[in-house]
Amino acid sequence: MSAAPTFDFLPPLLPANAGSLRAEVRDLVARERAAGRVAVKDRIGMAYNAGFSRACGEAGLIGMTWPKRYGGREATAMERYVVTEELLAADAPVRGHWVADRQSGPVILRYGTEAQRERFLPPITRGECFFCIGLSEPDSGSDLAAVRTRAVREGAGWRLNGTKLWTTNAQNSQFMIAICRTTPQDMKDRYHGLSQFIIDLSLPGVSIRPVINMAGGHEFNEVHFEDVPLAGDALLGTLDEGWKQVSAELAYERSGPERWLSTWQVLAELNATLGPALGDEAEDRIGALLAETLTLREMSLSIAGMLERGMTPNLEAAIVKDLGTRFERRTVEVTRDLAELATERGLAVPVRLGSLLASAILMMPAFTIRGGTTEILRGTIARGLGLR
Ligand SMILES: Cc1cc2nc3c(=O)[nH]c(=O)nc-3n(C[C@H](O)[C@H](O)[C@H](O)COP(=O)(O)OP(=O)(O)OC[C@H]3O[C@@H](n4cnc5c(N)ncnc54)[C@H](O)[C@@H]3O)c2cc1C
């Protein structure tokens, strides 16, 4: 009898040099703060600063796990984890290089040709080349088999038509890795016939229009392709097998510390200001949130360790994203309750905490949508556990 399917969070081990890596990142952030490239923000959300990304590249903090011949430093996934956690906790403006470091580069390394690796990976590690993710479209987000963007063979290359939506940071990116239909859909296997392409966003026929979010920020975009001529070497990986590549990519996207540290600035500010002022009631609720942070961190670290061992822990990554984004929402709710309690007691809500909270309330719906909605993740978890 085969064993019942289960999930497995292998115990993580922090690298011996975690302390020195943290110091390295903290020094860099302090230097960049002094140079005016790292601000203390009063709203949540990853900021963009091309100069800061270049500084990270110079410090060897991008593509850390990649081979040295492509500009990496052959560090472990756990070492990279320590660095990403520090950068997020410092609220550093990492938006520019984040996607390329987290998923585009690893996908190119895993599925790309040698020429693609040599072309894209070194400039990514220098913090000069930014990527965005082209999955969602106006009529397909959760159901990616329904994408309508089409790449049709033309001579040695391809002609691309379609629209990608909610594309974070396209306005500052040079390239997008997009999933496109290359063979008409077959209802027997809806995911066959999709392929990934590396699209140069400066090509004729590409237009990028801003989509302003509820908080008034320009994070995402609509990217339209009209008869865009792609060279033959824009294809990434195996023709028609792009779905498998995307599935592997999603484990990187869903399990990182950014999935539960988005509201860290709110929690840290709450803990430092209203926490002491409100006493016991605040202590209980903030303490519970901080304890949860530690559990999530262990789980997320465990996934970094599994990725390092070459595993694809999609089920575990979906669990971390579901728990992590619910935790982020709870952080906002607890902060709102405690701000109300403070007001009732005649205590002023500190200005920065109030601003962080206001922006977090507006961003809250995004937490459980980006990177896969909660309903979809729970479907993945149920399937992974053999329950459906
Ligand atoms: C801040 C932010 C940044 C983003 N950045 C990017 C990006 O850079 N690149 C990119 O490609 N996309 C990006 N997205 C898009 C995101 O991936 C999609 O919004 C998400 O996958 C959901 O797709 P959708 O919006 O089409 O909603 P739909 O798929 O239409 O879903 C609508 C609702 O129906 C539910 N639903 C759908 N199917 C099922 C089902 N089978 N079972 C149960 N419930 C279901 C969903 O859970 C959801 O509640 C971003 C989104 C946000 C909020």
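Reader: In which helix is Arg352 found?

Author: Arg352 sits in helix α11, residues 351-367. Numbering starts from 1 along each chain as its sequence is written. The model is predicted: local features need pLDDT of at least 70, side-chain atom pairs count only at pLDDT 80 or more, totals for chains, interfaces and linings use all residues, and side-chain values use heavy atoms, with hydrogens and water left out.

Reader: What makes a stretch a helix or a strand?

Author: Both are DSSP runs, numbered from the N terminus: H or I over at least four residues for a helix, E over at least two for a strand.

Reader: Why is Arg352 called partly exposed?

Author: Buried means under 20% relative accessible area, exposed means over 50%, and partly exposed lies in between (1.4 Å probe, protein chains only). Arg352 has 22%, so it is partly exposed.

Reader: What makes the pairing of Arg352 with Glu269 a polar contact?

Author: A polar contact is a pair of N or O atoms within 3.5 Å; within protein, one must be able to donate a hydrogen and the other to accept it, and residues adjacent in sequence count only if both atoms are side-chain atoms. The side chains of Arg352 and Glu269 meet at 2.9 Å, so the pair passes.

Reader: Which other residues does Arg352 contact, beyond its neighbours within four places in sequence?

Author: Contact means heavy atoms within 4.5 Å. Val40, Lys41, Asp42 and Gln265 are among the partners of Arg352.

Reader: Why is Gln103 called buried?

Author: Its relative accessible area is 0%, so Gln103 falls on the buried side. Gln103 belongs to helix α4, residues 95-111. Not counting residues up to four places away in sequence, Gln103 touches Ile133, Glu249, Tyr252 and Glu253.

Reader: What makes Gln103 and Arg102 a polar contact?

Author: Their side chains are joined at 2.8 Å. Both atoms are side-chain atoms, as the rule for adjacent residues asks.

Reader: Is Arg297 buried or exposed?

Author: Buried: its relative accessibility is 17%, and that is why the label applies. Arg297 is found in helix α9, residues 280-308. The side chain of Arg297 makes a polar contact of 2.4 Å with the side chain of Glu85. Arg297 also touches Leu14, Arg22, Tyr81 and Trp260, leaving out residues up to four places away in sequence.

Reader: Where is Pro257, and why is it called buried?

Author: Pro257 lies in the loop between α6 (242-255) and α7 (264-272). A relative accessible area of 3% makes Pro257 buried. Beyond residues up to four places away in sequence, Pro257 touches Tyr81, Thr84, Glu85, Leu88 and Ser300. Pro257 and Arg297 are 40 residues apart in sequence, and 7.3 Å apart in space, C-alpha to C-alpha.

Reader: Into which domains is the protein chain divided?

Author: Domain 1 (18-129), domain 2 (133-244) and domain 3 (256-384). The bounds come from an automatic or database domain assignment. Between domain 1 and domain 2, the centres are 25 Å apart, taken over C-alpha atoms. Their contact takes 18 residues from domain 1 and 18 residues from domain 2.

Reader: Why is the ligand said to lie between domains?

Author: Domain 2 and domain 3 both give residues to the shell around the ligand, so the ligand lies between them.

Reader: What makes a residue near the ligand, and which come nearest?

Author: One of its heavy atoms must lie within 4 Å. Of the 16 residues around the ligand, Ser142, Trp166, Thr168, Thr373 and Glu375 come nearest.

Reader: Which side chains place a polar atom 2.6 Å from an oxygen atom of the ligand?

Author: Ser142 does so, and Glu375 does too. A backbone N or O atom of Ser136 lies 2.7 Å from a ligand oxygen atom. Taken alone the ligand exposes 970 Å², and the protein buries 63% of that. Such areas come from the Shrake-Rupley method with a 1.4 Å probe; for residues, only the protein chains shown count as cover.

Reader: How many residues of each class are in the shell around the ligand?

Author: Seven are nonpolar, seven polar and two charged. Ala, Val, Leu, Ile, Met, Phe, Trp, Tyr, Cys and Pro count as nonpolar; Asp, Glu, Lys and Arg as charged; the others, Gly among them, as polar.

Reader: Why is Trp166 called partly exposed?

Author: Its relative accessibility is 46%, so Trp166 falls in the middle range. Trp166 is in the loop between β3 (157-165) and β4 (175-181). Phi of Trp166 is near 60 degrees, a positive value in a residue other than glycine.
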